[in-house]
Amino acid sequence: MSVKKSVSLLLASIFVVGLTACAPEVGSEAWCKQMKEKPKGDWTANEAADYAKHCVFK
C-alpha cells in the first residue's frame, strides 16, 4: 500500500470516529430531546423502544 493511500485511510478513519463521537448517548436527556424533535415516522423500532424505556418510563 502506498503512503498516500495509508494517509488517506487514516484520515478517513479519524473522520468517521469523530462523527460517531458527536451523537448523544442513548437514554441521555440530549438524546431524548433529539428524538422528540425527530419525526416519529423516521424512528426505527429500536429507537422507539429505547425512547419508551429511557424517556417515558424512566
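Let's start with Glu47, which is buried, with a relative accessible area of 19%. Keep in mind that this is a predicted model. The cut-off for buried is under 20% relative accessible area, so at 19% Glu47 still counts as buried. Glu47 lies in helix H3. Leaving out residues up to four places away in sequence, Glu47 touches Trp31, Met35, Lys38 and Asp42.

One of those contacts deserves a second look. The side chains of Glu47 and Lys38 meet in a salt bridge, with 3.1 Å from N to O. In general terms, side chains of opposite charge can pair when their charged atoms come close. A search of the whole structure turns up one salt bridge, and the Glu47 and Lys38 side chains form it. What about the accessibility of the two partners? Glu47 counts as buried, whereas Lys38 is partly exposed, with a relative accessible area of 27%.

Now step back for the overall layout. The protein has three helices and zero strands, and along the sequence that reads as the pattern α-α-α. Of the 58 residues in the protein, buried ones make up 12%. So where do some of those buried residues sit?

Helix H2 is a good place to look. In H2, Trp31, Cys32 and Met35 are buried. They cover an arc of only 100° around the axis, and that puts them on the same side of H2. Go round to the other side of H2 and you find Glu29, Lys33, Lys36 and Glu37, which are exposed. Gln34 also lies in helix H2, and at 42% relative accessibility Gln34 counts as partly exposed. If you want a spacing to check on screen, the C-alpha atoms of Gln34 and Ala23 are separated by 9.8 Å, and these two residues are eleven apart along the chain.

What covers the buried residues of H2? The cover includes H3. Met35 gives you a view of this from a single side chain: leaving aside neighbours within four places in sequence, Met35 is in contact with Trp43, Glu47 and Tyr51. Glu47, in turn, is the H3 residue we began with.

Which residues make up the largest nonpolar core? There are six of them: Trp31, Cys32, Met35, Trp43, Tyr51 and Cys55. H2 and H3 each supply at least two residues of this core, and H2 gives the most, with three residues. The three buried residues of H2 that we met earlier, Trp31, Cys32 and Met35, are among the six core members.

Inside that core, take a look at the rings. The structure holds one aromatic pair. The rings of Trp43 and Tyr51 have their centres 4.9 Å apart and their planes at 55°, so the pair is tilted. The reasoning is simple: planes under 30 degrees apart would count as stacked and planes over 60 as edge-to-face, with the rest called tilted. Both rings belong to buried residues: Trp43 counts as buried at 15% relative accessibility, and Tyr51 counts as buried at 14%.

Two of the core members are cysteines, Cys32 and Cys55, and that brings us to the disulfide. A disulfide is a covalent bond between the sulfur atoms of two cysteines. A search of the whole structure finds one: Cys32 and Cys55 form it, with their sulfur atoms 1.8 Å apart. Which parts of the chain does the pair link? Cys32 is in helix H2 (residues 29-37) and Cys55 in helix H3 (residues 45-56), distant parts of the chain, 23 residues apart. The torsion about the S-S bond of Cys32 and Cys55 is about -85°, so the disulfide is left-handed.

Are these cysteines buried or exposed? Cys32 is buried, with a relative accessible area of 12%, and Cys55 is buried too, at 16%. Cys22 makes a contrast here, since at 65% relative accessibility Cys22 counts as exposed.

Put the pieces side by side and you can trace how H2 and H3 meet. The disulfide links Cys32 in H2 to Cys55 in H3, both helices supply residues to the largest nonpolar core, and Glu47 of H3 touches residues including Trp31 and Met35.

Methods. Residues are numbered from 1 along each chain as its sequence is written. This is a predicted model: local features need pLDDT of at least 70, side-chain atom pairs count only at pLDDT 80 or more; totals for chains, interfaces and linings use all residues. Side-chain values use heavy atoms; hydrogens and water are left out. A disulfide is a pair of cysteine sulfur atoms within 2.5 Å. Helices (H or I, at least four residues) and strands (E, at least two) are DSSP runs, numbered from the N terminus. Buried means under 20% relative accessible area, exposed over 50%, partly exposed in between (1.4 Å probe, protein chains only). Contact means heavy atoms within 4.5 Å. A salt bridge is a side-chain nitrogen of Lys or Arg within 4 Å of a carboxyl oxygen of Asp or Glu. The arc is that of the directions from the helix axis to the C-beta atoms. A nonpolar core is a set of buried Ala, Val, Leu, Ile, Met, Phe, Trp, Tyr and Cys residues joined through side-chain atoms within 4.5 Å. Rings of Phe, Tyr and Trp (its six-membered ring) pair if their centres lie within 6.5 Å; planes under 30 degrees apart count as stacked, over 60 as edge-to-face and the rest as tilted.
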